[in-house]
Amino acid sequence: MVHDKYESPLTSRYASPEMQYNFSDDKKFSTWRKLWLNLATAEKQLGLKDITQEMLDDMKANLHNIDYELAAQEEKKRRHDVMAHVHTFGVCCPKAAPIIHLGATSCFVTDNSELIMMRDALDIIVPKLAASIQRLGQFADKYYDLPTLGFTHFQPAQLTTVGKRACLWLQELIMDLRNIQRVRDDLKFRGVKGTTGTQASFLALFEGNHDKVEELDELVTELSGFSAAYPVTGQTYTRKVDLDVLNSLSSFGATAHKIASDIRLLAHLKELEEPFEKDQIGSSAMAYKRNPMRCERVCSLSRHLMALVSNTAQTAATQWLERTLDDSANRRISIPEAFLTADIVLSLLNNIFQGMVVYPQTIARRISQELPFMATENIIMAMVKAGGDRQVCHEEIRVLSHEAAAQVKMHGKENDLIERIKNNKYFAPIHGILDQLLEPSTFVGRAPQQTKKFLAKDVQQALERYKSVLEQEVKMAEVNV
């Protein structure tokens, strides 16, 4: 680790090795060389006699033999990163030097390599998201029928179940999986398009043969692992693509923030907690504390992830005509950081879902504090069935409820509404069934059935495509506590 200059915590502390490598210099510049090799291979295959097999073999043997010191010297002299690497590649494979980058513009390697890195990054993200959904689904299934107090406006509301609440989180994650998979499926290659997208240089190279230029585009696209290229481009592929990709990642960030915020609120209520390791310290001053550090980090990083898409939208909006270079420095930051951040958030969520702790007794105690008030309508109905007057019963309940509320609010005591009802002769006809009327499971509506159906139908359907991947353990970054 470097200690005498700034390093991004995204890479020094958090992100997975595979995502860090995906946006590394080694990946970037070896991909440039593979693209130059693919271009030369296709040009030779289509009849350019200046390119020999010996040249191609020379290039292939030096894809990873990158002299970064020489490249830095060349860039300082030429003030052009692509040409610096053209010359650096030519030095280590001199036989091929005359034909490296033949007919191409800088965006042939920069744009195409970025699309390759985004494709590969999406292939890292998608299985992790599917695994997180699977893990949370298991949690929801385990607690599908455990009653818990619902909250609206963070005020006590009707009961739901712990599993049903998790399904609210799951539904948003499934939407994110759909969105991210869609941009992965839609992603295409820039291809071989030339300086302004007209392929003029390649048309000249093949002496006006339009068919061969089209074949060249298709062949390089195929050699680079894509099934299709964008049919039209300027000098660059449209930056709308970047916006589409980062929109899906940003939307996932919003989901992650909501889930982590909910868990933080429930941790405050001592109903549910994220994992807490044996020797973990919650506070340097308050030794008893168990702070929801993982969820706080999810929220912190998710805000960064959500903010990055604004940058990408501005870049897409301000591209002039066939291209302007004010996108370059910006995208070197925003695109890798979006993927690195999403990768980190996914590793954190998976870790949280794997070790979430539920406290049923605390949940039951909170229910017992609020349920008597919620049960008053059921009590009134039972009294009417026993021959009582609805309006008289309503008034009796109202008076007792206000007295019980005063005990809670004014004196800090427990809710004693049920005891008051038991001690009131008016309610004698239903004293024997009060416990039945207060059974929490009768207040959760169809939450258990909704949860089971959602898990069996929607979650399983969303994960079907990833079944073979999920049968193996999806690799996650170690959470740095």
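Good morning. The second largest pocket has a lining that divides by class into 10 nonpolar, seven polar and five charged residues. I begin with that pocket, and I should say at once that the model before you is predicted.

The volume of this second largest pocket is about 390 Å³. Its lining comprises 22 residues, and those that lie nearest the centre are Gly150, Phe151, Thr160, Arg165 and Leu168. Which elements supply at least two residues each to this lining? They are strand E1 (147-152), strand E2 (155-161), helix H8 (162-186), helix H11 (240-268) and helix H19 (447-463).

Please keep H8 and Arg165 in mind, as I turn to the enclosed spaces. Four cavities of 30 Å³ or more are found in the structure. The largest cavity holds about 70 Å³ of space. Arg165, which lies among the residues nearest the centre of the second largest pocket, also belongs to the lining of the largest cavity. The other residues lining that cavity are Phe139, Thr148, Val162, Ala166, Trp169, Leu266, Glu271, Leu272, Val358 and Ile363. Which element gives the largest share of this lining? The answer is H8, with four residues. By class, the cavity lining has eight nonpolar residues, one polar residue and two charged residues.

Let me now move to the largest pocket. Its volume is about 1100 Å³, and 43 residues line it. Nearest its centre lie Asp25, Lys28, Ser328, Arg332 and Ile333. Two or more lining residues come from each of helix H1 (9-14), helix H3 (25-45), helix H5 (68-78), helix H6 (81-92), helix H7 (106-142) and helix H13 (328-355). How many of the lining residues are charged? There are 14, alongside 17 nonpolar and 12 polar residues.

Two of the helices just named, H3 and H13, also take part in the helix packing that I shall describe next. In general, a pair of packed helices is described by the angle between the two axes and the distance between them.

I take H3 first. Its axis and that of helix H4 (residues 53-61) come within 10 Å and cross at roughly 165°. H3 and H4 are therefore roughly antiparallel to each other, and their crossing is left-handed. On the H3 side, the residues in contact are Trp36, Leu37, Ala40, Thr41 and Lys44. They meet Gln53, Leu56, Met59 and Lys60 of H4. The residues of this contact comprise five nonpolar, two polar and two charged.

The next pair brings back H11, which contributes to the lining of the second largest pocket. The axes of H11 and helix H12 (residues 293-317) come within 8 Å, with a crossing angle of roughly 155°. That angle makes H11 roughly antiparallel to H12. The two helices pass each other in a left-handed crossing. Their contact has 17 nonpolar, seven polar and five charged residues.

H12 then packs with H13, at an angle of about 155° and with the axes 9 Å apart. What is the relative direction of H12 and H13: roughly parallel or roughly antiparallel? H12 is made roughly antiparallel to H13 by that angle. The crossing of H12 with H13 is left-handed. In this contact there are 12 nonpolar, nine polar and four charged residues.

To close, let me return to the places where these features join. H8 supplies residues to the lining of the second largest pocket and gives the largest share of the lining of the largest cavity. H13 lines part of the largest pocket and packs with H12, while H12 also crosses H11. Thank you for your attention.

Notes. Residues are numbered from 1 along each chain as its sequence is written. This is a predicted model: local features need pLDDT of at least 70, side-chain atom pairs count only at pLDDT 80 or more; totals for chains, interfaces and linings use all residues. Side-chain values use heavy atoms; hydrogens and water are left out. On a 1 Å grid over the protein atoms alone, a cavity is a set of points where a 1.4 Å probe fits but cannot get out, and a pocket is an open set with protein on both sides within 12 Å along at least five of seven lines; lining residues have an atom within 4 Å of a point. Grid points are joined across faces, edges and corners, and a volume is the space filled by probe spheres set on the points. Ala, Val, Leu, Ile, Met, Phe, Trp, Tyr, Cys and Pro count as nonpolar, Asp, Glu, Lys and Arg as charged, and the others, Gly among them, as polar. Axes are lines fitted to C-alpha atoms, for helices over the stretch in contact, and angles run from 0 to 180 degrees between N-to-C directions. Angles under 35 degrees count as roughly parallel, over 145 as roughly antiparallel, 65 to 115 as roughly perpendicular and the rest as oblique. A crossing is left-handed if the near helix is turned anticlockwise from the far one by less than a right angle, and right-handed if clockwise. Contact means heavy atoms within 4.5 Å.
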